[in-house]
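Q: Could you take me on a close look at one internal cavity in this model, the second largest, and tell me what lines it and what sits around it?

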Amino acid sequence: MAKMLDGPPPLGAKSVSWPWYHHILTNELTLDAKKLLTTYSGIPLEDLETHIYSIRDKAWGIFPWPCVGEFWFLSFGLAKHPLYRNIVLPRLKAGQTLLDIGTCLGQDLRKCVFDGAPADNLYASDLFTEYEELAWDLFRDRDKIPPGHFFADNILAENETFTSGPLMTRLGPGQVDIITITMFLHLFNYENQLKTATRILRLLSQKPGSIILGSQAGSIDFGEQTLKPPFHRSEDGSRRTVYRHNPESFERLWKEAGKVTGVPLKVSAVLQSPTDFLFAADSSFDYSVKKRRYLTRSETRRLYFSIMRT
């Protein structure tokens, strides 16, 4: 979500010379991605790579996230969560609702539909309105994903703006059974993570068992970390930081958010092993040393988590 930033993309951020802008698809186009795009989307295999390059470059033009440059919209992060098969999918098939915050091109929702979840119960939100059209173009599924299920909203807006925004007015507080935040919360410093967490809890259903889940970059050593160029400075010149959690600090964050909102929570979090993270055994991505310069430090791990209302 670009409101980790306080203005337009930094000067030079849209250059295609950054190491996280990949010019050639390699292991990013996994068997799962091929299967979904050819079977669900009906894209001929011989046209697939050209189609993906075109969509990626349009998304890069909207905002040059490193994850866009690296084709992460081909990786179905929610489906890799330990609770996806046994909790998320069965609940969706039984009629529960899901909201994907920081959805990017809606890849996780398409995977849910492909796996049998009814599209009418799935909702998505991101900062950029253009993502809705681009997601339809990527997956060629206007006939499967209904309009009105994407909310262009800023979860870090001023309180009056957020309260009157589409998440709170069109979807509504306390209306969502499952909220997924994959590779999202780690975009912010601690203060904004706490603000985001309290607002997510306002959207979560009041029924016990309602759940928030996802994964993000974590760290053995928790704390604020300074971003690298070109995203390292705010418009006023100050250094920009993001907060990296270990399981204990992540639990403290959500317990603090639960205390603020009066929501009782059970928080579970686990760090993926460093070998699995650096070589991405969970996603079939192949991280070269060059790529790791931006995304990881030696102490970085993938953090999987769930936050359940009790």
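**Inside the second largest cavity**

A: Searching the whole structure turns up 3 cavities of 30 Å³ or more. Keep in mind as we go that this is a predicted model. The second largest of the cavities has a volume of about 160 Å³. It is lined by 19 residues, and the ones closest to its centre are Leu 109, Arg 110, Ala 124, Ile 145 and Phe 150.

Who builds the wall? Helix 5 (107–114), strand 2 (122–126) and helix 6 (130–139) each put in at least two residues. Helix 6 gives the largest share of the lining, with 4 residues. As for chemistry, the lining breaks down into 14 nonpolar, 3 polar and 2 charged residues.

Now follow the chain on from helix 6. Asp 141 is found in the loop that runs between helix 6 and strand 3 (150–152). This aspartate is buried, because its relative accessible area is 0%, and the cut-off for buried is under 20%. Leaving aside residues up to four places away in sequence, Asp 141 touches Tyr 40, Arg 110, Ala 135 and Trp 136. One of those partners, Arg 110, is also among the lining residues closest to the centre of the cavity.

Stepping back, here is the setting. The protein has 12 helices and 9 strands, and 57% of its 310 residues are buried. Among contacts with a separation of 6 or more, 77% are between residues 24 or more positions apart. For one long-range pairing, look at Ser 234 and Pro 10: they are 224 residues apart in sequence, yet their C-alpha atoms are 8.8 Å apart in space. Ser 234 sits in the loop between strand 6 (223–226) and strand 7 (241–244). With a relative accessible area of 17%, Ser 234 counts as buried. On the outside, the protein exposes about 13100 Å², of which carbon and sulfur atoms supply 52%.

And how confident is the predictor? The average pLDDT is 90, and 89% of the residues score at least 70. One stretch to treat separately is residues 274–296, where pLDDT stays under 50. The model does have 48 contacts beyond four places in sequence for that stretch.

Methods: Residues numbered from 1 in each chain as written. Predicted model: local features only at pLDDT ≥ 70, side-chain atom pairs only at ≥ 80, totals over all residues. Heavy atoms only, no water. 1 Å grid on protein atoms, 1.4 Å probe; cavity = no way out; pocket = protein on both sides within 12 Å on 5 of 7 lines; lining within 4 Å. Points joined across faces, edges and corners; volume = space filled by probe spheres on them. Nonpolar A, V, L, I, M, F, W, Y, C, P; charged D, E, K, R; others polar. Buried < 20%, exposed > 50% of the residue type's maximum accessible area, 1.4 Å probe, protein only. Contact = heavy atoms within 4.5 Å. Areas by Shrake-Rupley, 256 points an atom, 1.4 Å probe, with all protein chains shown as cover. pLDDT = per-residue confidence, 0-100.
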